[in-house]
Structure formats: structure tokens, C-alpha cells
Amino acid sequence: MLGLDRVDGGAVAPVDTVQHRERNTPKQPAQTLGADDNYKSSSNMPDSLKDGCEARWAWSRRDKSHEVRLYGKKMQTAHFHPNWSNGTAGVRGTRPLNYGRHYWEIKISQRIFGTSMMFGVGTKHARLHVDAFVNLLGEDEHSWGLSHKGLLWHNGKWRRYCSPFQENESTIVGMLYDWSTGTLTYFKDGECLGVAFTELKKISEGLYPIVCSTAAKTEMTLGLKWRSFSNLQDRCRATILTNLNEENCIERLPLPNPMREFLRESG
């Protein structure tokens, strides 16, 4: 089993077996978190990445479940099951995490409950919707994920990783993917939880950030997204983009078309 050194409990985890509309009444009124709200990073970013640059990816409008709504500044907020839930819905990031080191944070709204809310990575073969309440990330060999119940999943098997998240209490989950070592590490509210998955470098396909949820009216908002520079050319590109006021300014730069395309391809 790739990336899991130990399995506790085998292939069957404690999930809800009765399929029903999954909803919850929070102990306190749920607060809707928008991407335009004041987002505060948990400041987990490793020192080795602070010389890097902002990663320019977001949630994909195309690669998502029909039960996911995207909104807010640059579509950074994913809203799952707007009415009620009869299954599991996911959304993938727009760019693969190829080469270097990548760190990103997800703020989970106050509504944390249900069979499984998950955060991780996967290839383009990972499913993003199923009409059942399942641990979607890690159901097979195409994805790796952590559920809010503190379980790591990959290839249909799970193991205990951390304590379950407090229900109905917002939290920030950070993820550090190091392509050179093939490891994925999680952070929670400023605390490093340790390396979760290894040997990811053996995966020949691109790995994308993915989140999913079985719970109705839950939200996950992208916060800090940072990556290391791959070379001097990449560093120069980041400097140019930092000094542009608008994304469409690239088209107005007096540069050859190949150079404009290189700027647009920034991760």
C-alpha cells in the first residue's frame, strides 16, 4: 500500500452505513465564511518556503461535483450541498503540484460534522462525486486524504493520525507537499501533525489539491497558497507578476507571445 506505513482497522472504517440526508443543527448558529472575509493565516509556513512566491491556483469550476458551489474572491470558497446532502461531493484545484514544495491552507467553516470532511491530494482519476456517504479521498490508489475524524485514507485503507476535529468549531488545516521527498504533511491551527503520507514521488501523474464533504451546507475557503521557486527563470516570472495590477495586464506587455504564455502558466 503506497504511502501508508501502518494500517489500523483494515479496509473498513467507522462510517455511517445508513444512507440518509446528512444534516446537522449546530450548537451555535453557523457563520457563513466568504473568501472576502478577513482571513488570518495560522503562520505554519516552513521557513524554507518563505523565500518562495504565491501559488496561483484556485478551485476548478469544471472539475467538481454538481453539489459544490464556488463563490467569493477568485472563487476561493467551496460550498458543499447547498440544500441537503445525499452523498459525497468534491472539488479539485486548477493546477497540479509539480516540482518543488507547496504549502496551502484551508479554513473550514463552523459546520464540521457528518460522515467525512476530507482534505488531501489526488490525480485526475480521483472521483469527485458519489451518491453515498463515503471517505472519498483515499478510496482507491488515485488519492490521499485526511478526514475530520482524524483518519488517513489511501487505497481503501485507513489509520489513525490525529484526534478528531471539534465539531461546530471552525479550524484551519495546512498542507505541505514536498515533491522532492514525496511527502505530505498536515498542520492544524498552528500545530504540525507530522508526515502523513510518503513515497508520493513514485506517482507519475500530476497531483492536485482536493477537498470533499458529505455534510450539508459546509464550506472550505482557500487561504495562504505558497510555493518554492523551481529556478531563476521562475523567480523572475514571480517578480513580474507581483508588479502587475491586474491579471489581464499580461496581454498588454510588450513581449513575444511565448513569453506571455510563460507568465500565464505560473503555478
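## Reading a predicted model, feature by feature

Mentor: Let's open with a cysteine: C192 is partly exposed, at a relative accessible area of 45%. Keep in mind as we go that this is a predicted model.

Trainee: Noted. What about C249, buried or exposed?

Mentor: C249 is buried, with a relative accessible area of 13%. We read "buried" there because the value falls under 20%.

Trainee: With cysteines on my mind, how many disulfides are there?

Mentor: The general idea first: a disulfide is a covalent bond between the sulfur atoms of two cysteines. To count one, we want the two sulfur atoms within 2.5 Å. Here the count comes to zero disulfides.

Trainee: On to the inside, then. Which residues have the most contacts inside the largest nonpolar core?

Mentor: W59, W104, I106, L184 and Y186 have the most contacts in that core, which has 35 residues. There's also a second, separate core of twelve residues, with A132, W153, W158 and C212 among them.

Trainee: Plenty of aromatics there. How many aromatic pairs does the structure hold?

Mentor: Six aromatic pairs. Take Y161 and Y186: their ring centres are 5.9 Å apart and the planes make an angle of 65°, so the pair is edge-to-face, the class for angles over 60 degrees. Y161 sits in the loop between β11 (157-160) and β12 (171-178), while Y186 belongs to strand β13 (residues 183-188), so the pair ties together parts that are 25 residues apart in sequence.

Trainee: And are those two tyrosines buried or exposed?

Mentor: Both Y161 and Y186 are buried. Have a look at the tryptophans as well: W57, W59 and W104 form one aromatic cluster. You've met two of its members already, since W59 and W104 are among the residues with the most contacts in the largest core.

Trainee: Now charges. How do I read a salt bridge, and how many salt bridges are there?

Mentor: Side chains of opposite charge can pair when their charged atoms come close. A search of the whole structure turns up six salt bridges. D63 is a good one to click on. One of its partners is R62, with the closest N and O atoms 3.5 Å apart. D63 is buried at 16% relative accessibility, whereas R62 is exposed at 66%.

Trainee: You said "one of". Which other side chain does D63 meet in a salt bridge?

Mentor: R92, at 3.8 Å from N to O. This pair links distant parts of the chain, with D63 in strand β2 (residues 59-64) and R92 in strand β5, 29 residues apart. R92 is buried, with a relative accessibility of 6%.

Trainee: Got another one to compare?

Mentor: Try D189 and K188, which form a salt bridge with the closest N and O atoms 3.5 Å apart. D189 is partly exposed at 40%, and K188 is partly exposed at 22%. As for our earlier trio, salt bridges that share partners join R62, D63 and R92 into one network.

Trainee: What about a buried charge without a bridge: how far is D140 from the nearest side chain of opposite charge?

Mentor: D140 is buried yet has no salt bridge, and the nearest opposite charge, R127, is 5.8 Å away. A salt bridge needs the nitrogen and the carboxyl oxygen within 4 Å, so that distance doesn't qualify. D140 lies in the loop between β8 and β9. Setting aside neighbours within four places in sequence, D140 touches H154, N155 and G156.

Trainee: E139 is in that loop too, I think. What is E139 in contact with beyond its sequence neighbours?

Mentor: E139 does lie in the loop between β8 (129-130) and β9 (143-147). Leaving out residues within four places, its contacts are R127, N155 and G156. E139 is partly exposed at 23%. Its C-alpha atom is 9.4 Å from that of W158, 19 residues away along the chain.

Trainee: Last topic, backbone angles. What is the phi of Y99?

Mentor: About 65°, a positive value although Y99 is not a glycine. Y99 is in the loop between β5 (88-93) and β6 (101-108), and is exposed at 55%. K217 is another non-glycine with a positive phi, near 60°. You'll find K217 in the loop between β15 (208-213) and β16 (218-227), where it is partly exposed at 40%.

How values were computed
Residues are numbered from 1 along each chain as its sequence is written. This is a predicted model: local features need pLDDT of at least 70, side-chain atom pairs count only at pLDDT 80 or more; totals for chains, interfaces and linings use all residues. Side-chain values use heavy atoms; hydrogens and water are left out. A nonpolar core is a set of buried Ala, Val, Leu, Ile, Met, Phe, Trp, Tyr and Cys residues joined through side-chain atoms within 4.5 Å. Buried means under 20% relative accessible area, exposed over 50%, partly exposed in between (1.4 Å probe, protein chains only). Helices (H or I, at least four residues) and strands (E, at least two) are DSSP runs, numbered from the N terminus. Contact means heavy atoms within 4.5 Å. Lys and Arg count as positive and Asp and Glu as negative; His and the chain ends are not counted. Rings of Phe, Tyr and Trp (its six-membered ring) pair if their centres lie within 6.5 Å; planes under 30 degrees apart count as stacked, over 60 as edge-to-face and the rest as tilted.
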